[in-house]
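Visitor: I am new to this structure and should like to know how its descriptions are justified. May we go through them in turn?
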Amino acid sequence: MLVLSRKKNESIVINNDIRIVVVEIRGDKVRLGVEAPREVPVHRREVYDAIQRSQQDDSAESIDS
């Protein structure tokens, strides 16, 4: 894991086409902005996990049918 320090309005770039920007720092919360191509899905981890569970459930149902 790469660990970086960034200040407000500073950013990191991933693979030349994804940009993560520190939008705001308030107490112990950091707001990030993500700029990515439209075809690249970007989700919060809990949303990503829910999508994965749903896809696994759908896959299991299709095997049972």
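Guide: The following exchange sets each description against its definition.

Guide: This is a predicted model, in which local features need pLDDT of at least 70 and side-chain atom pairs pLDDT 80 or more, while totals for chains, interfaces and linings use all residues. Residues are numbered from 1 along each chain as its sequence is written, and side-chain values use heavy atoms, without hydrogens and water.

Visitor: How do you know that β1 and β2 pair?

Guide: Strands are DSSP runs (E, at least two residues), numbered from the N terminus, and two of them pair if DSSP finds at least two bridges between them. Four bridges join β1 to β2, so the definition is met, and the two run antiparallel. Within this pairing, I12 has I20 as its bridge partner, and V13 stands opposite R19. Three residues separate the strands in a hairpin, where N15 in the turn has a positive phi of about 55°.

Visitor: What makes β2 and β3 a pair?

Guide: Seven bridges join β2 to β3, also antiparallel, and therefore the pairing rule is satisfied. E24 stands opposite R31 in β3. This hairpin has two residues between its strands, and G27 in the turn has a positive phi of about 65°.

Visitor: Why are seven residues of the largest pocket's lining called nonpolar?

Guide: Ala, Val, Leu, Ile, Met, Phe, Trp, Tyr, Cys and Pro count as nonpolar, Asp, Glu, Lys and Arg as charged, and the others, Gly among them, as polar. The lining consists of L4, R6, E10, S11, I12, I20, V21, V22, V30 and L32. By that rule, therefore, the residues divide into seven nonpolar, one polar and two charged.

Visitor: Which element gives the largest share of this lining?

Guide: The largest share, three residues, comes from β2. Elements giving two or more residues are β1 (11–14), β2 (18–26) and β3. V30 of the lining has its place in β3, residues 29–35.

Notes. 1 Å grid on protein atoms, 1.4 Å probe; cavity = no way out; pocket = protein on both sides within 12 Å on 5 of 7 lines; lining within 4 Å.
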